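I opened this notebook to record what I looked up in one protein structure. The entries follow the order of my reading.

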Amino acid sequence: MIRSFFLVVLLLLGEEVIAQQSAILEAYVQEGLQNNLILKQEGLEIKKASETIRQAKALFYPKVSFNPTYSLAAGGRRLQFPVGDLLNPVYSTLNQLTQSSVFPQISNVDELLAPNNFHDTKFAIQYAIFNPEIQYNYLIQKTLLTAQEARKRVVENELRYNIEGAYFQVLQAEEALKIYNNAEKTLQELLRLNQRLASNNVVTKDAVVGAEYEISKLKQQIANSEKNQKTAKAYFNFLLNKDLASSVEIDSVFVKAKFSPELSTSETASSLSQLALANRQELKQLEQSILASQTAITLNEKAARIPSFFIGANTGFQGFGYTFSNQAYVVAQIGLQWDLFKGYERKSKTQQAKIQTEILQTKKLEVERQIELQTTQAFYELEAARQSFQTYVDGVNKAQQYFRIIDSRYRNGNVLLIEYVRAQNEVLTAQLQQSLAQFDVLNKQANLNKITAIK
């Protein structure tokens, strides 16, 4: 319902929707979103987070490893036991009594504790049946990925606004240059008129020199305007990650845009604030961060109460000498791990996660208030810009009417050159102010779109 209401608002706002209807500008925006280096970095951060999820998910699968070892030992502790000294006298007596050699003589035990010429070639398999740390770590990483995706959309929204603003700067610089060039044509016409009048001795030569001086001053302004135009194009191409000298296609629909001074009531500003709260990705990013922190709380609380279970097995060959004859073995395992006491580490981590959650919730509330304020300010700044634009439109009309009167009187010799130049400068100034006001409206609309996250 909010979106439907906003569409109605856009109809009330009138010509501002041209910013959304321009195919040329939208094509540039999409090009910027694809090529911008900052956005590419955010895309790589998302891929990095995705790989972290894959790593967390891998812990759910069995772990199989091949671990062959071969040991050589010399020196060190020995196991010594005089079994020969203890049993050989007994065996000798038994042999005498039985008049046989059934009981052989044996040596004392003298073996290295470190196994020499010993190998253990095995496959080890381990699988976690239940481990809350693995489960909750996976959930946390998924939540952090969602937060990273929201961050990318924040950057996209900001980049869209910057591209639109830079495009409007290019258009404004182009329009300013046209205004200066038209003013130069007017002064060139004045110069030709004064030259004819001077040749007919109607005016003195100072009128010709004065017109030439005004043209030279205007040429300085034109040079500065050309510099601004090139700078604006360079910055626009920088945002698109293109060659700075690349040409920029001009959309005349913006140049011809007209705006009525009326805007909607404060109720519209309030509705836009609600729309911004629903759309802004900064809030979604904070919400996901809060969810991750809350999951960490559950992890630390649950992991302290519930043991982890795992099963495993080792199979392979083990014995002296690197042979596999009669050395095969299999060992199956089932295990439990339960941290009954870790010096209150879990309790501290739980408290830390709770504090982090409270910090993020406070931050979210602050951002919500900031968004409401930004929306209200942007709405009324747009309203003021539209009213200013209408004022400058009226100013241009009056300045042009005044100039036509002065021009007619000057041609009849009833007005001094200084009055003609002043009237012409008034037209030039009024046109420049109207151009600035016109693109200021477009910039204010783009800013409002950015704040409300409207594409």
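The entries below go from confidence to overall form, then to the cores and one helix.

**Entry 1: confidence.** I noted at the outset that this is a predicted model. I looked up the average pLDDT of the protein and found 87, with 93% of the residues scoring at least 70. I then compared the elements: helix α7 (residues 205-239) has the highest mean pLDDT, 93, and helix α1 (residues 2-13) the lowest, 39. Over residues 1-20 the pLDDT stays under 50, although the model has 32 contacts beyond four places in sequence for that stretch. Where pLDDT is low, predicted coordinates should not be read in detail.

**Entry 2: overall form.** I counted the elements and recorded twelve helices and six strands. I asked myself what radius of gyration the protein has, set against a compact globule of 455 residues. The protein has 43 Å, whereas such a globule would have a value near 23 Å. Along the principal axes, the C-alpha atoms fill a box of roughly 165 × 50 × 35 Å. I also recorded that 38% of the 455 residues are buried. Of the contacts with a separation of 6 or more, 84% join residues 24 or more positions apart.

**Entry 3: the nonpolar cores.** I examined the largest nonpolar core, which has 38 residues. Which of its residues touch the most other members? I found I163, Y167, F168, F236 and F254. At least two residues of this core come from each of α3 (23-35), α6 (132-199), α7, α9 (266-279), α11 (345-411) and α12 (417-452). The largest share, eight residues, is supplied by α6. I followed F168 further: leaving aside residues up to four places away in sequence, F168 touches L25, F254, F439, L442, N443 and A446. I then noted a second, separate core of 30 residues, with L218, A399, A430 and L432 among its members.

**Entry 4: helix α3.** I turned to α3, which has 13 residues. From its first C-alpha to its last, α3 reaches 18 Å, close to the 18 Å expected at 1.5 Å a residue. I listed the buried residues of α3 as L25, Y28, V29, G32 and L33. Why do they lie on the same side of α3? They cover an arc of only 140° around the axis, and therefore they share that side. On the face turned away from the buried side of α3, I found the exposed residues A23 and Q34. I closed the entry by noting that L25, buried in α3, is one of the residues F168 touches.

Notes:
Residues are numbered from 1 along each chain as its sequence is written. This is a predicted model: local features need pLDDT of at least 70, side-chain atom pairs count only at pLDDT 80 or more; totals for chains, interfaces and linings use all residues. Side-chain values use heavy atoms; hydrogens and water are left out. pLDDT is the predictor's confidence in each residue, from 0 to 100. Helices (H or I, at least four residues) and strands (E, at least two) are DSSP runs, numbered from the N terminus. Contact means heavy atoms within 4.5 Å. A nonpolar core is a set of buried Ala, Val, Leu, Ile, Met, Phe, Trp, Tyr and Cys residues joined through side-chain atoms within 4.5 Å. Buried means under 20% relative accessible area, exposed over 50%, partly exposed in between (1.4 Å probe, protein chains only). The expected span of a helix is 1.5 Å times one less than its number of residues. The arc is that of the directions from the helix axis to the C-beta atoms. The radius of gyration is taken over C-alpha atoms; the globule rule is 2.2 Å times the number of residues to the power 0.38.
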